[in-house]
Amino acid sequence: QLQASGGGLVQAGGSLRLSCAASGRSFGTYIMGWFRQAPGKEREFVASTGWRGGSTFYADSVKGRFTISRDSANNAVYLHMNSLKPEDTAVYYCASTTVWGTKRAQDFGSWGQGTLVTVSS
């Protein structure tokens, strides 16, 4: 499973960096993604990156503010979040898939515990 960390409480306009680590396995050639789920809402796609890290996809709501990156040498994936807004408040999860370009949560697996991000206004 994958474990997300790095969440916390931040004021609007602030920044956070989330990290994703795998227990017992390498990310290998998997496509890695970040999703989030706010209270009472469905889980939604945030960003994903290919195994080389060069190709990335973002939800329109976070384009220009969030950046996904991966460090294959250290088996880690990151989500750099800038200019945070109260509507970014959610539990953030990382997951993996072999389906290129997908943004559907049902195509991703290895969900682990997420990390809570709270943005105050």
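**Core, aromatic cluster and strand pairing**

Apart from neighbours within four places in sequence, Thr49 is in contact with Ile31, Met32, Ser55, Thr56, Ile68 and Arg70, contact being defined as heavy atoms within 4.5 Å. The model is predicted, and local features were accepted only at pLDDT of at least 70 and side-chain atom pairs only at pLDDT 80 or more, whereas totals for chains, interfaces and linings use all residues. Residues are numbered from 1 along each chain as its sequence is written, and side-chain values use heavy atoms, with hydrogens and water left out.

Thr49 belongs to strand β5; strands (E, at least two residues) and helices (H or I, at least four) are DSSP runs numbered from the N terminus. The residue is buried, with a relative accessible area of 1%. Burial here denotes under 20% relative accessible area, exposure over 50%, and partial exposure the range in between, computed with a 1.4 Å probe on protein chains only. A polar atom of the Thr49 side chain lies 3.5 Å from the backbone oxygen of Ser55. A polar contact requires a pair of N or O atoms within 3.5 Å; within protein, one must be able to donate a hydrogen and the other to accept it, and residues adjacent in sequence count only if both atoms are side-chain atoms.

The largest nonpolar core comprises 31 residues, of which Cys20, Trp34, Val46, Phe66, Leu79, Met81 and Tyr92 touch the most other members. Two or more residues of this core are supplied by each of β1 (2-5), β3 (16-22), β4 (31-37), β5 (44-49), β7 (66-71), β8 (76-81), β9 (90-97) and β10 (115-120). Such a core is a set of buried Ala, Val, Leu, Ile, Met, Phe, Trp, Tyr and Cys residues joined through side-chain atoms within 4.5 Å. When neighbours within four places in sequence are set aside, the contacts of Cys20 are Leu2, Gln3, Ala4, Phe27, Met32, Trp34, Asn75, Ala76, Val77 and Cys94.

Five aromatic pairs were found, with rings of Phe, Tyr and Trp (its six-membered ring) taken as paired if their centres lie within 6.5 Å, and with planes under 30 degrees apart counted as stacked, over 60 as edge-to-face and the rest as tilted. The ring centres of Phe35 and Phe108 are 4.8 Å apart and the planes stand at 75°, so this pair is edge-to-face. Because Phe35 lies in strand β4 and Phe108 in the loop between β9 and β10, the pair ties together parts 73 residues apart in sequence. Phe35 is buried at a relative accessible area of 0%, and Phe108 is buried at 6%. A further edge-to-face pair is formed by Tyr93 and Trp111, with 6.2 Å from centre to centre and 80° between the planes. Tyr93 lies in strand β9 and Trp111 in the loop between β9 and β10, so this pair links parts 18 residues apart in sequence. Tyr93 is buried, with a relative accessible area of 15%, whereas Trp111 is partly exposed at 21%. One aromatic cluster unites Phe35, Phe45, Tyr93, Phe108 and Trp111.

Arg43 is positioned against two rings of this cluster. Its charged end sits over the ring of Tyr93, 3.9 Å from the ring centre, and Arg43 also lies over the face of Trp111, at 4.5 Å from the ring centre. The criterion is that NZ of Lys or CZ of Arg be within 6 Å of the ring centre and within 35 degrees of the ring normal.

Strand β8 is mostly covered, five of its six residues being buried. β8 pairs with β3 in the antiparallel sense over six bridges, strands being regarded as paired if DSSP finds at least two bridges between them. In this pairing, Ala76 of β8 is the bridge partner of Ala21. β7 and β8 are likewise antiparallel, over six bridges, and Tyr78 of β8 is the bridge partner of Ser69. These two strands form a hairpin with four residues between them, and Asn75 in the turn has a positive phi of about 55°.

Along β10, Thr115, Val117 and Val119 point to one face and are buried, while Leu116, Thr118 and Ser120 point to the other and are not. Strand β2 (residues 8-11) runs parallel to β10, joined by four bridges, with Leu9 opposite Thr118. β9 and β10 pair in the antiparallel sense over three bridges, and Val117 of β10 is the bridge partner of Ala90.

Most residues other than glycine have a negative phi. Positive values were nevertheless computed for Ser83, near 50°, and for Ser110, near 60°. Ser83 is placed in the loop between β8 and β9 and is partly exposed at 40% relative accessibility. Ser110 lies in the loop between β9 and β10 and is partly exposed at 30%.
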